Amino acid sequence: MQPIFLIGYMGCGKSTLGRAVSALTGMRFIDLDSYIESRYGMAITEIFSAYGEDGFRQREHEMLVEVSSFSDVLVACGGGTPCFGDNIGLMNRCGLTVFLEAGVARLHQRLMQGRHKRPLIVGMDSAQLLSFICESLKKREPFYSQASIRFKSDLLDCEADKETTARRFINEVIENCNLYRK
Ligand code: S3P
């Protein structure tokens with residue numbers, strides 16, 4: 001089976017859902033940010049400070065090309081991965097793309113907790129974060145919309161919710177994978 005790519009805004013639950021689906025199915029899970037970190041031996045925040053966002057995007061693209069050639073993997077991309085170069089085209093050619101959609105309030109709530117490890121939003125207060133989410137989501141939507149499937153990912157905040165959403169993902173996406181193949 002070709003890779004399944006989870007795409008969507010920061011905080012939409014790509015890594016959380018990917019891990020939960022992997023735990024239930026045994027499918028190999030790759031978190032693209034962690035893959036980049038272990039390859040370069042640097043945290044994402046360190047890569048941003050050492051090479052800037054462009055340097056990060058270049059490394060992100062290289063690692064995406066690499067994982068796109070793997071079989072039977074579930075890949076959680078970074079929020080910006082599909083929005084640069086032809087990454088979305090590459091993912092659509094090599095596998096199945098799934099856009100995880102969560103409401104702005106849910107993204108805001110999750111990102112208030114996870115701001116410190118995300119260089120684009122580190123140090124923002126609640127109001128700044130909210131307007132940043134609204135503005136950048138508008139710019140990114142045209143890329144996310146190129147995914148083959150949309151999947152609602154609001155419900156992921158406790159163990160029971162994670163399991164329910166992961167089971168829905170398996171039913172709606174994985175078990176119907178051959179239906180989406182071009
Ligand atoms: C980014 C999202 C992050 C990470 C980097 C840039 C983005 O991944 O790749 O900080 O541009 O939205 P998550 O979506 O996993 O937070």
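## Salt bridges, ligand and core

The side chains of E53 and R57 form a salt bridge, with N and O 2.9 Å apart; the term covers a side-chain nitrogen of Lys or Arg within 4 Å of a carboxyl oxygen of Asp or Glu. This is a predicted model, in which local features need pLDDT of at least 70 and side-chain atom pairs count only at pLDDT 80 or more, while totals for chains, interfaces and linings use all residues. Residues are numbered from 1 along each chain as its sequence is written, and side-chain values use heavy atoms, with hydrogens and water left out.

E53 and R57 both sit in helix 3, 4 residues apart, about one turn of the helix. Helices (H or I, at least four residues) and strands (E, at least two) are DSSP runs, numbered from the N terminus. R57 is buried at 9% relative accessibility, whereas E53 is partly exposed at 29%. Here buried means under 20% relative accessible area, exposed over 50%, and partly exposed in between (1.4 Å probe, protein chains only).

By this rule there are 12 salt bridges, and three of the pairs are set out here.

| Pair | N to O distance | Relative accessibility |
|---|---|---|
| E53 and R57 | 2.9 Å | 29% and 9% |
| D157 and R106 | 2.8 Å | 41% and 27% |
| E163 and R167 | 2.9 Å | 39% and 43% |

D157 bridges to R106. Because D157 lies in the loop between strand 5 (149-152) and helix 7 (159-172) and R106 in helix 5, the pair ties together parts that are 51 residues apart in sequence. A network of salt bridges also links E101, E141, R150 and K152.

R57 turns up again at the ligand: a polar side-chain atom of R57 lies 2.7 Å from a ligand oxygen atom. R140 likewise places a polar side-chain atom 2.7 Å from an oxygen atom of the ligand, and for R118 the distance from a side-chain N or O atom to a ligand oxygen is 2.6 Å. The protein covers 95% of the 380 Å² of accessible area that the ligand has on its own (Shrake-Rupley method, 1.4 Å probe).

Now to the interior. The largest nonpolar core (buried Ala, Val, Leu, Ile, Met, Phe, Trp, Tyr and Cys residues joined through side-chain atoms within 4.5 Å) has 56 residues, and I4, I7, V98 and F169 have the most contacts inside it. Helix 3 (residues 44-68) gives the most to this core, with 7 residues.

Note on methods:
Polar contact = N/O pair within 3.5 Å; in protein donor to acceptor, adjacent residues only side chain to side chain.
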